[in-house]
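Student: I have a chain open on my screen and no idea where to start. Can you walk me through it?

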Amino acid sequence: MKIDYKNPQIPPGTGQVDVPLVEATEESLKGFGKLVSKDAYRNYPIEIVRWPASGWRKVDEGTGDEAGTVSGDFEFFWEGDCFKGKNHAVGSEYLFGWSKPPEKADPQSLEQPKEVLLWHANYHPDGGQLFFPLDGKPFITALALPGDDVRPENFVAFKVEGGMGLYIHPNVWHEAIVPLEQKAVFYDEQGAIHARVSVHFPNEFGVLLRIPIQ
């Protein structure tokens with residue numbers, strides 16, 4: 001069934017799982033990705049994964065990984081209690097989550113979000129993904145190591161210091177980049193095929209991921 005990223009249906013009273021928040025360092029990010037400096041993000045080497053063979057014969061060398069990458073601005077922003085995004089690199093829009101339980105969220109609210117509740121995460125089997133904040137401000141994102149048996153408690157939220165970006169390896173679970181202000185625009189580069197494998201936390205586990213942002 002195709003996922004409706006702009007209008008997810010979340011049952012009232014859905015539970016919440018707290019995601020631990022840690023500082024993003026080269027050590028803490030091992031296996032997840034790498035920090036990227038302002039001088040490096042425009043030419044950062046994005047990993048592209050060769051298309052898998054469907055039988056016992058191997059995919060020919062030099063083929064199956066030729067699509068390259070796409071890049072563009074990725075906007076993340078709050079509309080009241082609703083946390084949204086627009087990925088101009090692949091032409092997609094999303095409702096990532098809320099600052100309150102979805103049934104209580106008000107898109108006209110003027111309250112400052114103190115946390116974000118996420119309903120979904122995904123990984124890209126075709127390549128890595130790079131995010132760099134064009135305003136140079138710090139941000140938070142939740143990641144989990146590869147594996148289709150992922151669970152909500154496998155996620156860790158990383159806080160990336162100002163002036164740095166984040167590169168996420170292929171097959172690493174991730175979701176929204178959460179700015180610490182009302183809106184932020186990121187340079188985004190990722191595999192052009194843009195294959196996506198998803199986990200829907202309320203449907204599969206009856207919970208939302210809760211991440212503190214203040």
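Tutor: We will take the sheet, then the nonpolar cores, then one histidine; note that this is a predicted model.

Student: Ok, the sheet. In what order do the strands come?

Tutor: The order is E1-E16-E7-E6-E5-E4-E14-E9-E12-E3, ten strands in an open sheet with mixed pairing.

Student: Which strands are at the edges?

Tutor: Strand E1 (15–18) and strand E3 (33–37), each of which pairs on one side only. On average, neighbouring strands of this sheet are turned by 30 degrees against each other, direction ignored.

Student: How do E6 and E7 run, parallel or antiparallel?

Tutor: Antiparallel: two bridges join E6 (residues 92–98) to E7 (residues 115–118). Trp98 has Leu117 in E7 as its bridge partner.

Student: New topic. Which residues have the most contacts inside the largest nonpolar core?

Tutor: Phe76 and Phe155, in a core of 51 residues. Strand E10 (residues 139–144) gives the largest share of this core, five residues. Apart from it lies another core of eight residues, including Val36 and Leu130.

Student: Back to Phe155. What does it touch?

Tutor: Leaving out residues up to four places away in sequence, the contacts of Phe155 include Ala142, Leu143 and Ala144, and also Trp173.

Student: And the histidine, His124. Where is it?

Tutor: His124 is in the loop between strand E8 (120–123) and strand E9 (129–133).

Student: Why does His124 count as buried?

Tutor: Because its relative accessible area is 6%, and buried means under 20%.

Student: Which side chain makes a polar contact with that of His124?

Tutor: That of His174, at 3.4 Å. Gln190 and His194 are among the other residues that His124 touches.

Terms used: Residues numbered from 1 in each chain as written. Predicted model: local features only at pLDDT ≥ 70, side-chain atom pairs only at ≥ 80, totals over all residues. Heavy atoms only, no water. Helix = DSSP H or I, 4+ residues; strand = E, 2+ residues; numbered from the N terminus. Buried < 20%, exposed > 50% of the residue type's maximum accessible area, 1.4 Å probe, protein only. Polar contact = N/O pair within 3.5 Å; in protein donor to acceptor, adjacent residues only side chain to side chain. Contact = heavy atoms within 4.5 Å. Pairing = 2+ DSSP bridges. Axes fitted to C-alpha atoms, helices over the stretch in contact; angles between N-to-C directions. Core = buried A, V, L, I, M, F, W, Y, C linked by side-chain atoms within 4.5 Å.
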